[in-house]
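Let's take a walk through this fold, starting from one residue and working outwards. Have the structure open as you read.

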Amino acid sequence: MSELRELYQELILDHNRHPRNFGPLDESNCMAHGDNPLCGDTIDVFLQVEEGIVKKAAFEGSGCAISTASASLMTEAVTGLSVDAANSLFATFLSLVKGEGKNESGRMGKLAVFEGVQEFPMRVKCATLCWHTARAAWSEDSVSVTTE
Ligand code: ZN
């Protein structure tokens, strides 16, 4: 295991043990629920979106380390972004975890830790569940998503 890989592993463990932005958000005006039945991950994402900007993001749920760490890092990553920028970050994140397209991990910041899941197709759903759920919340086109 490379040193970088170990560092990434640490970041995932840290965010799993101490998830950021965990808990309901009083100011939330968009929310959605997501399920990944394959792994048993469930999540609720709460967003405060004002004038097309994600002002605050939080989540609650239970699941594996990858799903929890991904949700924790996702809430940090989208806070302060416009909905358009958040959608585009999600698209880049998807191609990163699926190992598709050009490698843009360099501009993904901490989210690049999930590059390793492309070797584990089952885990891709764990890592992307929170993003699908958050997109449902900020798009307000559905309030419930499932990876199946
Ligand atoms: Zn999972």
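Keep in mind that this is a predicted model. Start at leucine 47: skipping its neighbours within four places in sequence, this residue is in contact with Leu25, Ser28, Asn29, Cys30, Val54, Lys56, Ala57, Ala134, Ala137 and Trp138. Leu47 also belongs to the largest nonpolar core, which has 42 residues, and is listed with Ile66, Val78, Phe93, Phe114, Trp131 and Trp138 as touching the most other members. Strands E1, E2 and E3 and helices H2, H3 and H4 each give two or more residues to this core, and H4 supplies the largest share, 10 residues.

Now look at H3. Its buried residues include Val83, Leu89, Phe90, Phe93 and Val97, and among the elements covering the buried residues of H3 are E2, E3, H2 and H4. How does the span of H3 compare with what you'd expect? With 16 residues at 1.5 Å a residue, H3 should span 22 Å, and its end C-alpha atoms are indeed 22 Å apart, so the two agree. Just after H3, glycine 99 takes a positive phi of about 70°.

Over to E1, where the side chains alternate: Cys30, Ala32, Gly34 and Asn36 point to one face and are buried, while Met31, His33 and Asp35 point to the other and are not. E1 runs antiparallel to E2, joined by seven bridges, with histidine 33 standing opposite aspartate 44. The two strands make a hairpin with four residues between them, and glycine 40 in the turn has a positive phi of about 90°. E1 also runs parallel to E4, through three bridges; there, aspartate 35 has threonine 146 as its bridge partner.

Key. Residues numbered from 1 in each chain as written. Predicted model: local features only at pLDDT ≥ 70, side-chain atom pairs only at ≥ 80, totals over all residues. Heavy atoms only, no water. Core = buried A, V, L, I, M, F, W, Y, C linked by side-chain atoms within 4.5 Å. Buried < 20%, exposed > 50% of the residue type's maximum accessible area, 1.4 Å probe, protein only. Contact = heavy atoms within 4.5 Å. Expected span 1.5 Å × (residues − 1). Pairing = 2+ DSSP bridges.
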